[in-house]
Amino acid sequence: MKRIALLGATGSIGRQALEIVDAHPELELCAAASGSQAVDGLAPLTQVGGDLTQLLEQAQPDLVLNAVVGFAGLPATLWALERGVDLALANKESLVAAGDLALDAQQRGGGRLIPVDSEHSAAFQCLEGRNPGQVQSLVLTASGGPFRNRTHEELADVTPSEALAHPTWNMGPKITVDSATLANKGLELIEAHFLFQLPYDRIDVVVHPSSIVHALVRFRDGAALAHLGYPDMRVPISFALTYPDRAATPVPSLDLSSGVTLEFHAPDLETFPLLALARRAGEESGTAPCVFNAANEVAVAAFLEGRLPFLGIAEVVAETLEASKAAPARDLEELVAADAEARRHAGEALKVA
Ligand code: NAD
Ligand code: MG
């Protein structure tokens, strides 16, 4: 029996996780939490809002599935890593903002960090059991989102509902907008850097519109291993919850005779500047990825509320990065301060964008 605490139970990942847990008698929900919607009766222990680590402390789970959206997921990530409790991580923002702190906590705690993000789950599987010295580089695929092939001018007037119409994945609103701006792939680049301890110049991003190949790993002998499957988050969620068992899911296996298209292109970094901004923030390290994430959260929320044009998202993030001095993030307090400061800067940048 594996006792699971599900954080973000009412979200897109959370609901799909409930389906996986229901299908497996050896998985038991011991706690469930959401930000605002009711979760009564979902698990013996439930909580709406508040400090998620209190719930975790009470529940003492075997595994935490962190499917909260945004920086708010950070205390739960650190709680699990610090205690050696297995962490299935969908909440990429916590690892982006606090990668160094998270890895230090994991080193002390000794638990497993199993990615739920589809690209990282794919890369994890391609890398499992390999000697890091044989790995040349990692390739993350991006669908390109709903605005692939558009020009800068064609993006000026796009609305939240157009940005929310993702061609291949059905996800929560924040990550869907991030996919439309390519900020999501920028967050994923930083996430991959920390998860797999690869320098940024050995992590590439390619646009792959059909979202069948989730990641590739290139090895030093010229071989590349790829992970393929239909775009369905139940696969990486199930993988993370049942690891190392790899339980069955209702997702069909790939039917190659029905015409699967594998097309790859370089991303358009000029039209979608957030990917390059994320790479720069990642390379700068310290609090820079935290600042990138905070500014992006503020800008995306403003865009969704109709207070910021689509192209303003990248502008707000660029200005916030410019205005913030990256410093080493030595503890959670410093990081929380950097996040708050970046949100303040981004709020100022919003007024003029
Ligand atoms: P969502 O908006 O659908 O759900 C978010 C969940 O987090 C909700 O249950 C909400 O109540 C909860 N939440 C929000 N703020 C909270 C707070 N302060 N305290 C406690 N709970 C809070 O989002 P989602 O699409 O399910 O994404 C969740 C995370 O998974 C994000 O980090 C996202 O980047 C990542 N992710 C999602 C997908 C996907 O397919 N949806 C794929 C890859 C990664
Ligand atoms: Mg992803």
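A polar contact here is a pair of N or O atoms within 3.5 Å. The model is predicted.

Q: How far does a backbone N or O atom of Gly11 lie from an oxygen atom of ligand 1?
A: Polar contacts count within 3.5 Å. The backbone of Gly11 offers an N or O atom to an oxygen atom of ligand 1. The distance between them is 3.1 Å.

Q: Which residue has a side-chain N or O atom 2.7 Å from an oxygen atom of ligand 1?
A: The backbone also takes part: a polar backbone atom of Val68 is 3.4 Å from an oxygen atom of ligand 1. At 2.7 Å from a ligand 1 oxygen, the side-chain atom belongs to Glu93.

Q: How much of the accessible area of ligand 1 does the protein cover?
A: On its own, ligand 1 has 830 Å² of accessible area. Its space is the largest pocket. Around ligand 1 there are 23 residues, and Thr10, Ser12, Gly35, Glu93 and Gly172 come nearest. The covered share is 85%.

Q: What spacing do the donors of the magnesium ion (ligand 2) follow along the chain?
A: The protein donors are Asp117 (OD), Glu119 (OE) and Glu188 (OE). They lie 2.0 to 2.2 Å from the ion. Along the chain the spacing is D-x1-E-x68-E.

Q: Are Asp117 and Glu119 buried or exposed?
A: Both residues are protein donors of the magnesium ion (ligand 2). Buried means under 20% relative accessible area. Asp117 and Glu119 are buried.

Q: What is the relative accessibility of Cys126?
A: The structure holds zero disulfides. Cys30 is buried, with a relative accessible area of 4%. Cys126 also counts as buried, because its relative accessibility is 6%.

Notes
Residues numbered from 1 in each chain as written. Chains lettered and ligands numbered in written order. Predicted model: local features only at pLDDT ≥ 70, side-chain atom pairs only at ≥ 80, totals over all residues. Heavy atoms only, no water. Donors = N, O, S within 2.8 Å, 3.2 Å for Na, K, Ca; no water. Buried < 20%, exposed > 50% of the residue type's maximum accessible area, 1.4 Å probe, protein only. Disulfide = S-S within 2.5 Å. Near = heavy atom within 4 Å. Polar contact = N/O pair within 3.5 Å; in protein donor to acceptor, adjacent residues only side chain to side chain. Areas by Shrake-Rupley, 256 points an atom, 1.4 Å probe, with all protein chains shown as cover. 1 Å grid on protein atoms, 1.4 Å probe; cavity = no way out; pocket = protein on both sides within 12 Å on 5 of 7 lines; lining within 4 Å. Sits in = over half its atoms within 2 Å of the grid points.
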